[in-house]
Every structure is written in C-alpha cells, then in structure tokens.
Amino acid sequence: MDNKTKQVRKTRLKISAKDASSEYIFDVGIYVFKEDGVYISYSPAFDLCSYAEDFNGAIAAFYEVFQLYVEYCIENNTLEDDLKEHGWKIVGKKNKEPGISRLLKNETMNKILTSGINYQRLTSSVSIPAFA
C-alpha cells in the first residue's frame, strides 16, 4: 500500500432482516492499515475495529465485529440511539455517515490520517434490519 492510498472497494454485508422493506442501507468507511505486523481494520463512524495477520482477514474480522455490534444493539433496542450518538444522520432507509470534521475528532482516526501510516480506505454498503 502506498502512503495514504485511498482505494475504494465495493462490498456488501447483509445482516438478516425479515423482508426487503425492513432494511436500512449504510455506506461504511473502513480503514485498513498495518501496525506492529498486524493488519487493523477500523471504522471511525462506528468506532469499531478488528485485526488479523493479513489484509483480507482483518476485513473479515471487521464484518464479524460489525455484525455482533448490530445484533447486540437490536437485541437491546439501542441501534438508532447509538448511531445518532456516533453522528449518523438517519434519513429514511438511506443513512448518512458522520462528516469528516466529526471523524477527525476521533483520536484513532486522527492518528491514521496524520501520522503517515499507510492505509487503504474501503467503502462497504451494509444492509441491516430496520430499527425496532
């Protein structure tokens, strides 16, 4: 990876929903970088991260963490509140990630962007069940 390369890859993660009308769509930015020999995947919009020994493993591990996060929030009826707390704009079924000014206030995100760490930014379109 070149310094601060921003390659966008489109992937799709779908977390179980009863029918298509009960889903919300999110475009999630995930930053993947290598630190101390380990690949780390991080989403500042959710403040979630994971790691693995290789690039693809870090992405797969992130999806597992993200799925657990969504399932936990749905079970506890806190998903919409948690998203708003992280700066998401809930607009119908298509939701907007927090703006860059908010994300830069995040210590980890600021470190990624200002320390010279080589990273790739991926964008993943995510479908999750509608809020209860």
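## S41 in strand β3

S41 is found in strand β3. Strands here are DSSP runs of E with at least two residues, helices are runs of H or I with at least four, and both are numbered from the N terminus. The model is predicted: local features need pLDDT of at least 70, side-chain atom pairs count only at pLDDT 80 or more, and totals for chains, interfaces and linings use all residues. Residues are numbered from 1 along each chain as its sequence is written, and side-chain values use heavy atoms, with hydrogens and water left out.

Is S41 buried or exposed? S41 counts as buried because its relative accessibility is 0%. Buried means under 20% relative accessible area, exposed means over 50%, and partly exposed lies in between (1.4 Å probe, protein chains only). The side chain of S41 makes a polar contact of 2.6 Å with the side chain of S50. A polar contact is a pair of N or O atoms within 3.5 Å; within protein, one must be able to donate a hydrogen and the other to accept it, and residues adjacent in sequence count only if both atoms are side-chain atoms. The S41 side chain also reaches the backbone oxygen of A58, at 2.7 Å. Leaving out residues up to four places away in sequence, S41 touches several others, including I30, V32, L48 and F62. Contact means heavy atoms within 4.5 Å.

## The β3-β4 hairpin

Strand β3 covers residues 38-43 and runs antiparallel to β4, with 5 bridges joining them. Two strands pair if DSSP finds at least two bridges between them. I40 has Y51 of β4 as its bridge partner. In a regular strand the side chains alternate between the two faces of the sheet. Strand β4 (residues 48-52) shows this alternation: L48, S50 and A52 point to one face and are buried. C49 and Y51 point to the other face and are not buried.

The hairpin has 4 residues between its strands. D47 sits in that loop. At 45% relative accessibility, D47 counts as partly exposed. Most residues other than glycine have a negative phi, and most peptide bonds are trans. D47 has a positive phi of about 55° although it is not a glycine. N77 also has a positive phi of about 55° and is not a glycine. N77 lies in the loop between α1 and α2.

## Two nonpolar cores

The largest nonpolar core has 25 residues. Such a core is a set of buried Ala, Val, Leu, Ile, Met, Phe, Trp, Tyr and Cys residues joined through side-chain atoms within 4.5 Å. F26, F46, F66, Y69 and I128 have the most contacts inside the largest core. Helix α1 gives the most to this core, with 9 residues. Another core, of 10 residues, lies apart from it; F33, M109, I112 and L113 are among its members.

## Helix α4

Helix α4 spans residues 107-114, and M109, I112 and L113 are buried in it. These three lie on the same side of α4 because they cover an arc of only 90° around the axis, taken from the directions from the helix axis to the C-beta atoms. The face turned away from the buried side carries the exposed residues E107 and T114.

N106 caps the N-terminal end of α4. One of its side-chain oxygens lies 2.9 Å from the backbone nitrogen of T108. Just after α4, G116 takes a positive phi of about 85°.

## The whole protein

The protein has 4 helices and 7 strands. Of its 132 residues, 46% count as buried.
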